[in-house]
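Please open the model in your viewer, colour it by chain, and keep a selection panel to hand. The tour moves from one chain contact to another and ends at a patch on the surface.

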Amino acid sequence: MKLIKKYIPLAIVFTFGVLTLASYYIPHKISVDYTELISQWENIVYAFAFLLGLVSLFYSHYNKIARKADGWGYSLFVYIGFFAMVIPAFMSSGKQSTDAGITLLGWAFRYLYNALSSTMFAVLAFYIVSTAYRSFRIKSKQAFVLFVAAFILILGKVPLGQIIWDSVLGWTKCGVSDVIEWIMSVPAVSGKRGIMIGISIGAIVTSFKIIFGIEKQYLGKD
Amino acid sequence: MYDSMIKNQFGFVLFSVLFAAINVSAANPSQAVKKQTPAGAIPPIENLTFADMPYDVGGTALLKWNVRPTDTSDVVYQIYVSSLETGGWIKADEFPADTRTGKDIELPFWAWNASVKEHVVKVELPNYFGEAQTTGSVFNFKVVTIKDKKSFDSGIVSGKTASNWFRLDRLNNLILLIMIIIVFFWAVSHAKRKGLFIRRIAGLDAIDEALGRATEMGKPVYYVPGIGGMSGISTIASTFILGEVSKKVAQYDTQIKVPHYDPIVMTVCKEVVKQSFLEAGRPDSYRDDINQFISQDQFSYAASVDGMISREKPAAIFFMGYFMAESLLLAEVGATSGAIQIAGTDQESQLPFFFTACDYTLIGEELYAAGAYLSKEPMLMSALKVQDFGKLVVMVSVFFGIILVAVGARFHWDTFVQVILNLFGAY
Amino acid sequence: MDFLTHFWTWFCGFFIITPAWMTAGAWLAAGLTIFLFSFLYKDNPFFKTAEHLYLGAGMGWLLQVSFYSVLVPKVWEPLMNHEWLVLVPSLLGLSLLTQFIPKISWISRYGFTFLMGYGAGLAIPVGLSTDFISQISGTVQPLSMMASMTPWMIFNALLVAFGVICVLFYFFFSVEHKGHMQKVSNIGIYFLMIYFGAAFGNTVMARFSLLYGRFDDLYAFSSAKYLYATQFILIGMVVYFAVHAFLTRGKKEPEAAR
Amino acid sequence: MLKDKLQKFFKIDRRWIFLLLAAMLFIPIMKPLGLPNKTISRDVQHSFDFLEKVPAGSFVLFSLDYDPSTRPELHPQAMAMIRHAFKNNLRVGVVTYIAGSTGLIAEIFEKVPKEYNKVYGKDYVVFPYMANPVAVMTQMASDMYGIYNKDEAGADARLLPVMQGIKNYKDMALVVEITGTAMLDYWVAYVGDKYHIPVIGGVTGISQPGYGPYLQRGQLKGLLGGMKGAAEYESLVKVPGKGTSGIDSLNLGHLLVLILISVSNIILLLIKYL
């Protein structure tokens, strides 16, 4: 039992890990075909994993409704929203538009899903302002550097800011867009690059731990 | 022809010979062309040869011939290709005669002899023929020289392309990989050694403070593991930290809530939290609804978690894992609801927002180190050593690379500079 | 059977998108947009409704996507053509669902391990090449043009390299940051700060444009063509908040969002 | 006491900030302020000059690869550049590699051609969406009809008057790529450099700084960045549109942020030294 519960899964990790790793160094047709096939498989497995989420969501909101928990009425809207997307999808077989114009799915996407998701995204504009107000306070030398970099970037991105810069600092003969380009391509690059390099090594080490079966928390307990 | 490739100026990449040898066996015989004497001022094309493009999947041919003194910008070369024995010529390329030498093929020095004395042209056969037939069948090629509207045909060369077995150009990558594997296994096998040092990580010292406050106020703690899948490194690191945090939560007898984006991550986290409560000796306080599935859609996840935070007003919130644009959506609502916030992510684009909106932030790699720091588990600690080794490699290479390249460029040692750049080239 | 087909055609006839549908859509979109924005003022039933609707719609959309772009073309159609190989990933995928049955949940490990192995194998060489080797070469390469560089450019190239080394020092875990180490890693923090500040400032514009886009839509929905959807809903919200504030006056208001 | 009052101001209800921001962004939509837009950035000017120099009747390929999420920034750019192309009597071909952008492309061509009396098929053509951009880009180098044998409506592309004499990149004057993705890098690396056709880009404000090297080396002839790029181009073409009104609101929004963070720092200083 331990074999099929534990060792075969670990063998699967090792096999696919090593094969995928090796395919990077092997240009042969076989390796190209392998990569193509496996990435397609991965796609399929993920599509099934999605069902896992769907069932969990339905289950937890069904529970709320069944127990008449606080605010259970809202849980009904989860189902309404779900069917408002799924039924049109089946009616128009997943197509958002046909020759005749947009379908019901296209309509639902545009006025329901897209309205909601782009609004949620747009809320960020408000938060970015209130975060800036709260946290760009110069309490230390480091905060000062943070402040200056952000200030210049915010200023120089709009024409009005450029006009202000030119009228105040025009004598330096150094346009704000040049300063921005310098910040983005010199000091900011080193900061970003340092983080990236560190992360990549961490990711590589963790990936090794997964492939060699040292890291197996994701398997859960026996 | 591959002999010239191996004839490297630098002996320190001896093992490349080994790999080159593999390629020699895969290469196809090419045919040299007998001299022809076209009429006109232009000398004939010399040494026109066919070769398979090395280190690729097949389907790409290389044509090489000597650069002639008459190759100026007003002379034009045309390349023709045919799959038939006679006729059926298709024009594949056209370029001024003073371009396209061996130097323009982007391969490192250990895999390619970048000579300016040779014209080298890549012909990508799948552009003109069916994908299936381009590897393995014989094709004919010819080069036409055009000057002052007069054209001169070269002889015909033929050959077939092959699927190769090794990306010799990625040798530097492979060597680095092998080095890391060796260091990795060395570190792992020495993991039992006690007392490995690890520096202080500010954000993690604040965990106790945050949990203490939550206990005092009698409010819950939120742990947000982000929107990554289980194969994401940050998510794996996050589950480790969750284990340690929930252990402490169980000890303090506080409440914890973990809203999830990915169902697989949720099942793993369930195990982790259950185990932690068990280890803390409080299995009775474990409830199944600690881990809650929210949604697998980025912004509806954010909207829902925002709603939960603003309603329950938790005392402490942890954001650990993979985050995208929702980072600020979550952190700002948490900040306004008055919670102590500790964040950590390896998404460098989101770090600025966590950094400004949260009280403590684990920057990039610190998130990976956090698990080791909290648990002091020898296996994790030794992995940290490997990471430090990697960083050391980078620091040393950057330091010496800068000096060598600068000196080389200053004194115009072009080949030397090229060699150094090739060593750090990604192909 | 005939009747059913007939009925279905008749039923679908209702859902051909006419201008009336567009107007209804405008009301829906304007309403949902304003409901979500109302959270900025404070939590309210309208936001909760929109939030829950969004939960369902998001999952519905994803289901539709994974059904029509993966399951149908990549599983169903190959099976119909007797390509049995797709059964392997399908079974691996189905194995994940055993998570719900604790007794056999170990079967799901087969699916997990496949995903993890593939992911890890993919991450290693790509990480090495793009985030490791390329970043080193990106730091070193600029100086190869030394001969044609102005002193300012040389300074910049050296500054980038210096910054990278300092930042990496900051991430060094094996040594305590004391003395000189402390100084170097502190310089690293300054570089990080500049990056954070610049990245923050750089994003402000993009987020504002998104908000501008939303407002632009709301403005479009406020026209007579859409029967003044925006105005009506906005006024409705204001009235709700006013009435709500009036009714709960005197009661201890839960601490408002700061 | 003053200090307490200042402290209170520090903890101002952030909903006032939200209201201010909303007003700042919404007012210009209803009534564009037309704040001075004197500065035209170098890269936008270059783009304009380049297109201006393209002889009338030449074929310009537009690759429009953005979806609704980046629409506010990129749609005005596309509109302005296509207007400019029509104004100069250039032939326009449109391709896309992002499924979500087809609706937006339709939106452009519902409106813009009428302003210049342009006819579908004769003056411009829209090709259907294709996946796998790099393969398509490479194929178009030899014979674009190998991929695009039909236009979006299903008509034979070879027979359209607008396509006469056009077979591959050599017959085109320019490629314009407007995108919020890495597609511009593809066009530069796989087409511009390789087949020596000039490329002009339009990108979001976020990714704009990353294209400095391409511009420096001339791999990109010009670049429009974010809404600002759109507004500047609109002012060059002299047709103010969404870019101009957008940049008005961005101007005010950014000014608000700058004032807010300055004020909060001044208060901090006052509290410290009072």
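Begin by selecting chain A together with chain C, and look for charged pairs across their interface: the rule finds zero salt bridges there. Bear in mind throughout that this is a predicted model, and that the values below are computed from it. If you then search the same boundary for polar contacts, eleven residue pairs turn up, both residues of each pair being at pLDDT 80 or more.

Next, colour the helices of chain A that reach this boundary. Those that each supply at least two residues to the side touching chain C are α1 (2-23), α2 (29-67), α3 (72-91), α4 (104-135), α5 (141-156), α7 (176-185) and α8 (187-211) of chain A. Of these, α4(A) is the one to select on its own, since it gives the most to that side, with 24 residues. Colouring the side of chain A that touches chain C by residue class should give 80 nonpolar, 27 polar and nine charged residues.

Now widen the selection to both partners. How many residues does each chain bring to the contact? Chain A contributes 116 residues and chain C contributes 110 residues. Between them, chain A and chain C bury about 10,700 Å², of which 82% lies on carbon and sulfur atoms. To see where chain A loses the most area to chain C, show Tyr74(A), Tyr111(A) and Leu116(A) as sticks; together they account for 7% of what that side buries.

Hide chain C and bring up chain D beside chain A. Here the contact takes 27 residues from chain A and 32 residues from chain D, and the two chains bury about 2,900 Å² between them, 72% of it on carbon and sulfur atoms. The count of salt bridges between chain A and chain D is zero, while six residue pairs are in polar contact, both residues at pLDDT 80 or more. On the side of chain A that touches chain D, two or more residues come from each of α4, α5, α6 (159-169) and α7 of chain A. The helix α4(A) gives the most to this side, with eight residues. By class, that side has 18 nonpolar, four polar and five charged residues.

Finally, turn to chain B and select Leu392(B), Val396(B), Phe399(B), Phe400(B), Ile403(B), Leu404(B), Val407(B), Phe411(B) and Trp413(B), which make a nonpolar surface patch of about 830 Å². Within this selection, centre on Phe411(B), which is found in the loop between α11 (378-410) and α12 (414-423) of chain B.

Terms used:
Residues numbered from 1 in each chain as written. Chains lettered and ligands numbered in written order. Predicted model: local features only at pLDDT ≥ 70, side-chain atom pairs only at ≥ 80, totals over all residues. Heavy atoms only, no water. Patch = residues over 30% accessible without salt bridge, like charges linked within 9 Å, V, L, I, M, F, W, Y side chains within 5 Å. Areas by Shrake-Rupley, 256 points an atom, 1.4 Å probe, with all protein chains shown as cover. Salt bridge = Lys/Arg side-chain N within 4 Å of Asp/Glu carboxyl O. Helix = DSSP H or I, 4+ residues; strand = E, 2+ residues; numbered from the N terminus. Contact = heavy atoms within 4.5 Å. Buried area = accessible area lost by both parts, 1.4 Å probe. Polar contact = N/O pair within 3.5 Å; in protein donor to acceptor, adjacent residues only side chain to side chain. Nonpolar A, V, L, I, M, F, W, Y, C, P; charged D, E, K, R; others polar.
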